[in-house]
There are 2 protein chains.
Amino acid sequence: MSELESIKQNFVTQWGALGSQWGVNRTMAMIHSLLLVSTDPLTTDQVMEELAISRGNANTNLRELASWGLIRSVVVRGQRKDFYEAEKDVWKMFCIVARERKRRETEPASKVLQNCVERAQRLKTKEAKELSKQLKELNEFVELANSIMDKVASKEKSALVPKLLKLLG
Amino acid sequence: MSELESIKQNFVTQWGALGSQWGVNRTMAMIHSLLLVSTDPLTTDQVMEELAISRGNANTNLRELASWGLIRSVVVRGQRKDFYEAEKDVWKMFCIVARERKRRETEPASKVLQNCVERAQRLKTKEAKELSKQLKELNEFVELANSIMDKVASKEKSALVPKLLKLLG
DNA sequence: CTAAAATTTCACTAATTATTGAAAATAAAT
DNA sequence: ATTTATTTTCAATAATTAGTGAAATTTTAG
């Protein structure tokens, strides 16, 4: 294997491992990183070959990545097979992940919390008030984080990061 | 079961499920949420009882939570058993998680990326330059995120959030 | 010291999650 | 319309991760 391929493989493996720590399945993270460092769009068969995985696995995770918007299929002139390429702009990648995680995960979580708070507020004991207070604080934090993520993910990096760094000292 | 207990149980279950989506094991998330809404510190036996889990499981996850700094053991006068209580301040919780994830996960990830970049920079082909550029961008983002998290997690909520919201419009 | 209580460890098992691969479905070409 | 290429699905299986419980260790009290 060439040094170039070896570097790419190392990156793909490590990125896959990092993914699992953050609740992303290993194959999905590996396909994503493979496409991130690939010069050209790849077919399902090429992904299968590169990562030594089955067609079903490749297909499922390619579709999942596409549903997140992290990769897209492109048509290659004179070819019937689908080709996939990754969004390579790191800031855009981050914005996509932030928005999707918010939509799929933290917004539903906030709904659950909100519901718990409402139920707790109906009760009048001291312990219920304490519970209600704690859950309210947690929910306020989740909603704050959601709102900040939304705003951050809607801005240009160049318009945000310098100001942010200045603010943070 | 009382309405109060039912609310708590609902919260514990849902928080556990959310945890898994973010790479935290279910039991750990459940113990954390149980202690978050508990009026008093709890012993291992009480945690076992409440969540219907084994001693080994309870012990392991209590220690893990303590190693993160999300819970601490407290001594209760006249009692030999260890009691545990959660850090209940949500902002502090967030700071702890941010710092620990940085230390345990994103800093090592950045080291890996840095290493890949160095190796790629030694190569002189067009493709190696492309790879090097892409990995460098990724690493710069990871380091930026690390540095921002660090700064955010070292500030008082009251001193940061209002300014941040103003900046974001 | 030593006996009881409490905690920790870890080999085994259970539960969950990921992956395969072949069949079914769909799409494209002739 | 039929054949061939391609994609999708999904039941079966593999791999991974989490959890158990009893034995070993450590701590505390007398």
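Helix H4(A) gives the most to the surface near DNA strand D: four residues. "Near" here is a heavy atom within 4 Å of the strand. Helices are DSSP runs of H or I, at least four residues, numbered from the N terminus. This is a predicted model, where local features need pLDDT of at least 70, side-chain atom pairs need 80 or more, and totals for chains, interfaces and linings use all residues. Side-chain values use heavy atoms, without hydrogens or water.

Stay with strand D. It is surrounded by 16 residues, and the closest include Asn59(A), Asp82(A) and Ser54(B). By class, that surface has two nonpolar, seven polar and seven charged residues. Charged is Asp, Glu, Lys and Arg; nonpolar is Ala, Val, Leu, Ile, Met, Phe, Trp, Tyr, Cys and Pro; the others, Gly among them, are polar.

What do the strand atoms within 4 Å of the protein belong to? Sugar or phosphate for 73%, bases for the rest. Two backbone cases: an N or O atom of Asp82(A) sits 2.7 Å from a phosphate oxygen of strand D, and one of Ser54(B) also sits 2.7 Å from a phosphate oxygen.

Now the protein interface. Chains A and B bury about 5400 Å² between them, 73% on carbon and sulfur atoms. That is accessible area, 1.4 Å probe, lost on putting the two parts together and summed over both. Trp22(A), Arg119(A) and Leu168(A) supply 12% of what chain A buries against chain B, more than any other three residues.

How many salt bridges link chain A and chain B? Four. The rule is a Lys or Arg side-chain nitrogen within 4 Å of an Asp or Glu carboxyl oxygen. Glu3(A) pairs this way with Arg119(B), closest N and O atoms 3.0 Å apart.

Conventions:
Residues numbered from 1 in each chain as written. Chains lettered and ligands numbered in written order. Polar contact = N/O pair within 3.5 Å; in protein donor to acceptor, adjacent residues only side chain to side chain. Helix = DSSP H or I, 4+ residues; strand = E, 2+ residues; numbered from the N terminus.
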